[in-house]
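Me: I'd like a close look at one part of this protein, the sheet around one particular strand pair, and how it sits with the rest of the fold. Could you walk me through it in one go?

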Amino acid sequence: MNEMFSVLRAQEVSEPLDPGFLAGTALPGRPGGSGSSDGPASSGGSGSPGTPGGSGSSNSSGTSGAPNKPDAPSAPSKPEPPSAPSRPAPPKPPESSSSSSSSSSSTPPPLPITVIGTPTGVPCLFCSSSQWLTAAIRFINATVNYNPLTISVDGSTFQSGLEQAQVTEYGSIRQGYHTITIAGSNGYTYLRKQVYIGDGMTTLAIVNASSGIDIVSVSDTSCPAGSYSSCIRVGNLAAYSSDINVTLGNVMFSSVAFGSVTDFNQVSAGSYTAYVARSSQSSTVLLSVPVSLTAGRIYTLYVLNWNPSVDTIRTILVEDRRN
């Protein structure tokens, strides 16, 4: 039997192989492809049905892989909301022609105390035959670096050409709210504000403020000045200075804040020297000014700036009334 197996094996080996098999005849259903998954790919590279041009073997070196699936488009970024526009700064007031000269000086420029419609000297603005009016107002210009101002009350001109450190006379007005308009000589409106006017006499001080200018209302109350005494108080309208102290004889008005007015203090009539200092440095005198007080009269000493700098101090002594 062994001899028989040997003969059969020899015959199998000696039979020639099918030329078509050597040429790589394609298998049914796979045209152009190799019958072996491990054989070399043909030069044309045929693939399985539905994938023309591709090799039928995943291990074939000549194949090209399936195209990558494109990434999904990313969603557009949400636009940032526009930022709110910044609020415009208030217009810078026009500088007066004398501001440059006063800035370079270490002392206040010579400017007489003048009052619209009254004689020069200490303003006597509460000296009519009728000591008390139902309601009345006057204005004082305590601003710095503004040209002369025009003041209107409820649309009617009250005073025009009011310069720095000037005071108007009283004008009668009904009690209640009134619209006060402050404008420049060129018509530009700096401020329009509703102000309540009560009974009696009121001084409306026009002052510098962070927004431009503003109005400080001062009630001009009475004081029992006698035959040998006077009454005096202090008002701080110096926007560029801190709290102040004012000493007059043995009387001190201490820590007077900007925009505030002290109570009246009764003193003997006569001549004094008023000393103005910072509250925080009371030993350093910023200004000394002579003051003459007449018996039976009431005064307000207003402290102002004459330059937009700290410690540039000046004063106006206003006589409020006579008994």
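Reply: Let's start with a facing pair: Ile244 stands opposite Val256 in E11. This is a predicted model, so take every position here as computed. The two strands involved, E10 and E11, run antiparallel to each other and pair over four bridges. E10 covers 244-248 and E11 covers 251-256.

Zoom out one step and you get an open sheet of four strands, in the order E11-E10-E13-E14, with antiparallel pairing. E11 and E14 are the edge strands; each has a single partner, so one side of each goes without a neighbour in the sheet. From one strand to the next, the twist averages 15°.

Now the packing. The largest nonpolar core holds 21 residues, and Ile232, Val246 and Leu293 are the ones with the most contacts inside it. Strands E9, E10, E11, E13, E14, E15 and E16 each put in at least two residues, so this core draws on every strand of our sheet. E14 gives the largest share, four residues.

Val246 is worth a click, since it falls within the 244-248 stretch of E10. Setting aside neighbours within four places in sequence, Val246 is in contact with Val251, Met252 and Phe253, with Ala274, Tyr275 and Val276, and also with Val234, Leu301 and Val303. Go by the strand ranges and you can sort these: Val251, Met252 and Phe253 belong to E11 (251-256), while Ala274, Tyr275 and Val276 belong to E13 (270-278). Val234 sits in E9 (229-236), and Leu301 and Val303 are in E15 (297-305).

E9 also brings us to the disulfide. A search of the whole structure turns up one, and it joins Cys223 to Cys231, with 1.9 Å from S to S. Cys231 lies in the 229-236 range of E9. The link is left-handed, with -60° about the S-S bond, and both cysteines are buried.

As for the rest of the protein, there are three helices and 16 strands. Of the 323 residues, 37% count as buried. Among contacts between residues at least 6 apart in sequence, 60% join residues at least 24 apart. The protein exposes about 18800 Å², with carbon and sulfur atoms supplying 53% of that.

How values were computed:
Residues are numbered from 1 along each chain as its sequence is written. This is a predicted model: local features need pLDDT of at least 70, side-chain atom pairs count only at pLDDT 80 or more; totals for chains, interfaces and linings use all residues. Side-chain values use heavy atoms; hydrogens and water are left out. A disulfide is a pair of cysteine sulfur atoms within 2.5 Å. Buried means under 20% relative accessible area, exposed over 50%, partly exposed in between (1.4 Å probe, protein chains only). A nonpolar core is a set of buried Ala, Val, Leu, Ile, Met, Phe, Trp, Tyr and Cys residues joined through side-chain atoms within 4.5 Å. Contact means heavy atoms within 4.5 Å. Accessible areas come from the Shrake-Rupley method with a 1.4 Å probe; for residues, only the protein chains shown count as cover. Two strands pair if DSSP finds at least two bridges between them. Axes are lines fitted to C-alpha atoms, for helices over the stretch in contact, and angles run from 0 to 180 degrees between N-to-C directions.
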